[in-house]
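Me: I would like to learn how to read a protein model step by step, beginning with how helices pack. Could you take me through the features one at a time?

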Amino acid sequence: MRRVWMIGAIIVLCGPLVTWSSFLRTHRIEVPASPTENDQPQLAAYWRFLAAARPLVPAGSSYTIKASTADDETQLFMLSAGLYADVTPYPATYVWQPQPGGGSEAKYVLVYGAPECPADAPSMHIVAGGAVCVRDKP
Amino acid sequence: MSVLMYVLAYALIPMMGLSLASSIDSRSARIGFAFLAGALLLTIEATLFTMVCVPWQLILLSLPLVLASAIVLWRRRQVVWRREDTNPVAITIIVVAVLHFLFSIITTQSINPDYVLFWGTKSVHFAMSRSLDACYLMSRFAPPRIDYPPLLPIVQAWGLLFSSDVLFSAEMPWITAAAMSALWLAAAVPVINWLTGSIHATAFWTAAMAASLAFCGSGGNAEAMLVMYISVGAAAIVAGRTSIAAIAFAGAMLTKEEALVTIGAILIGVVIYDRGIRRAAILAASSAAGASLWFAFQRRFGMHVGYDRVTLTHTFHWSNLPTIFREMPKSLAAGCWGLSWLIALAIIIYIAVKMPARLKIAIPLLVPIPLLFAFFVYLYLQYESSLAMKMWWVLPRLSMPALSLLILAAAFAADDRMRAHD
């Protein structure tokens, strides 16, 4: 039975072998820019934007997130909770529902996608994937 | 540097669990089980600290557990260590399998979206607040799945707490923290080897589990912990190590609520095998104790007490049956076209035909498998929409404990234990 186990284990490992040969053919080995870089490209794009914007948002301040769809805003907000744990959140959308005030209380407005700041947050810093806009009087 | 500190924090976990692993007479299995037990003890301690409003401190959390380990080890310092089977082919397979899972995570092929959406998020908040932050869990903008038990976020928070206290910086090394999922597999391997007594069967189990865990995207979420606790607990039952099984099942119950169904099914197998309820009652009590700690925490802070995950409508859509049976085989691919299922099943069938008496010992592992699949069908019959897609999302993960039980059943029934151990 011992040989059966060994041969079986080698056969099972053929699955991972095929996965790796396919992966190495289509990907370069490099340090991933986000935790979901090769598995969830959309989440990875959100993550890269939030990580790029993070140094511009100081701890203890407040932020909101603007994007073109409620789905984008919801997922960006969920992801941001880990990266912006020391910043007070005022989501414009939470669990696909627009929030009262639309995040107008926040000092920093993270704009995902086209870098266009809201009228009340004119100070703009372009980052990869969007912009960080700063309200003078949140 | 923060990556190194994070890894070092995990390396300290076995020192916290050695007190519960002192009965193990294999060095590698003792360290492996001490890791699983250390994570459980850390979770219990961290939860209790929050319940009595003591903030988490590195020394405060680690010292009592390390001291307990030192005292127990000092009292039991006379150990005749069991000789370890060092078959080079089997060990090579085990190393390759674990590395497959590890590198699948590091290259971000197998990191679960839930990790960045809520598991890791909770960990960061818990580490920052130095507590199992009930305010965050009940806040207006709470993360998803606040009812999930706390073992994984506490252990991940421990890594962050350790690195931030030592380096005075508090940045979560996200990919490293997710890669620690592979450590759970690596920790369980020597324990499974010790319990089954077969390095060859252990190599097959490791290959199958690594392929499946990587395939299911189990980096950073609680899947690896759950499967390892369940596997060690189930194997310990057959090996007659009830205390090891009780500890493992308590760990499983504090990891994910799916443990409830799997452990329930295993206990039915135990009752059938034992023709009595004594052992099942002990294991049920330890599992209930694990869950009770989390429920006590929920009650203490005014949260909804219990698990919210499974919403059963009790309205059955029988038209789902064709979809269930069509989609199920696809979801059981386990990263190797389902070969891990088929090979283990072939071994069981061979033993059933040639040496049926040997299957008796594996009853506690075999009985739960059809029960679990019956539960899946029962669950999927109640789905109202998008059944195929939801099955594809969930079933590969849900079926992993059943796959592990099948392989372990074959391992015990095959009975090719190392001669020197008998």
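Reply: Let us begin with a crossing: α1(A) passes helix α16(B) in a right-handed crossing. Please keep in mind throughout that this is a predicted model.

Me: What are the angle and the axis distance at which α1(A) and α16(B) pack?

Reply: In general, two packed helices are described by the angle between their axes and the distance between the axes. Here α1(A) and α16(B), the latter spanning residues 339-354, pack at an angle of about 165°, with their axes 9 Å apart. Angles over 145 degrees count as roughly antiparallel, and α1(A) and α16(B) are therefore roughly antiparallel to each other.

Me: Which residues make the contact between α1(A) and α16(B)?

Reply: From α1(A) come V4(A), G8(A), I11(A) and V12(A), while α16(B) contributes L339(B), S340(B), I343(B) and I347(B). Sorted by class, the contact of α1(A) with α16(B) has 6 nonpolar residues, 2 polar ones and no charged ones.

Me: How many residues are in contact when I consider chain A and chain B as wholes?

Reply: At that level, 33 residues of chain A are in contact with 44 residues of chain B. On the side of chain A that touches chain B, the elements giving two or more residues are α1 (2-12), α2 (14-26), α3 (41-53) and α4 (70-83) of chain A. The largest share of that side, 9 residues, comes from α1(A), and by class the side has 23 nonpolar, 6 polar and 4 charged residues.

Me: May we practise on a second pair of helices, this time inside chain B? At what angle do the axes of α11(B) and α13(B) cross?

Reply: The axes of α11(B), residues 223-238, and α13(B), residues 259-274, cross at roughly 10° and come within 11 Å. Since angles under 35 degrees count as roughly parallel, α11(B) and α13(B) are therefore roughly parallel to each other. In this contact L226(B), I230(B), A234(B) and I237(B) of α11(B) meet A259(B), T262(B), I266(B) and V270(B) of α13(B), and the residues divide into 7 nonpolar, 1 polar and no charged.

Me: Now I would like to turn to the strands. In what order do the strands of the open sheet in chain A stand?

Reply: The 5 strands follow the order β2-β1-β5-β7-β6 in chain A, and the pairing is mixed. At the edges stand β2(A) and β6(A), each with a single partner strand, so one side of each is left without a neighbour in the sheet.

Me: Which strand pairs are parallel, and which are antiparallel?

Reply: Moving along the sheet, β1(A) and β2(A) pair in the parallel sense over 2 bridges, with Y63(A) opposite P89(A). Next, 4 bridges join β1(A) to β5(A), and these two strands run parallel; I65(A) has L110(A) as its bridge partner. The sense is antiparallel between β5(A) and β7(A), which are joined by 5 bridges, and here V111(A) has A131(A) as its bridge partner. Finally, β6(A) and β7(A) pair in the antiparallel sense over 5 bridges, with V127(A) opposite G130(A).

Me: Which way do the residues of β5(A) point?

Reply: In a regular strand the side chains alternate between the two faces of the sheet. In β5(A), Y108(A), L110(A) and Y112(A) point one way and V109(A) and V111(A) the other, and all are buried. For comparison, 4 of the 5 residues of β1(A) are buried.

Me: Which helices lie on this sheet?

Reply: One of them is α3(A), which lies across β5, β6 and β7 of chain A and runs at about 130° to β6(A). Another, α4(A), packs on the sheet and touches β1, β2 and β5 of chain A, its direction making about 150° with that of β1(A).

Me: Let me end with a single residue. Is F412(B) buried or exposed?

Reply: A residue is buried if 20 or more other C-beta atoms lie within 10 Å of its own, and F412(B), with 27 C-beta neighbours inside 10 Å, therefore counts as buried. F412(B) lies in α20(B), residues 400-414, and, leaving aside residues up to four places away in sequence, touches T196(B), V238(B), I361(B), A362(B) and L365(B). The C-alpha atoms of F412(B) and R358(B) are separated by 8.3 Å, although these residues are 54 residues apart along the chain.

How values were computed
Residues are numbered from 1 along each chain as its sequence is written. Chains are lettered from A and ligands numbered from 1 in the order in which they are written. This is a predicted model: local features need pLDDT of at least 70, side-chain atom pairs count only at pLDDT 80 or more; totals for chains, interfaces and linings use all residues. Two residues are in contact if their C-beta atoms, placed from the backbone, lie within 7 Å. Ala, Val, Leu, Ile, Met, Phe, Trp, Tyr, Cys and Pro count as nonpolar, Asp, Glu, Lys and Arg as charged, and the others, Gly among them, as polar. Axes are lines fitted to C-alpha atoms, for helices over the stretch in contact, and angles run from 0 to 180 degrees between N-to-C directions. Angles under 35 degrees count as roughly parallel, over 145 as roughly antiparallel, 65 to 115 as roughly perpendicular and the rest as oblique. A crossing is left-handed if the near helix is turned anticlockwise from the far one by less than a right angle, and right-handed if clockwise. A residue is buried if 20 or more other C-beta atoms lie within 10 Å of its own, exposed if 12 or fewer, and partly exposed in between; C-beta atoms are placed from the backbone. Two strands pair if DSSP finds at least two bridges between them.
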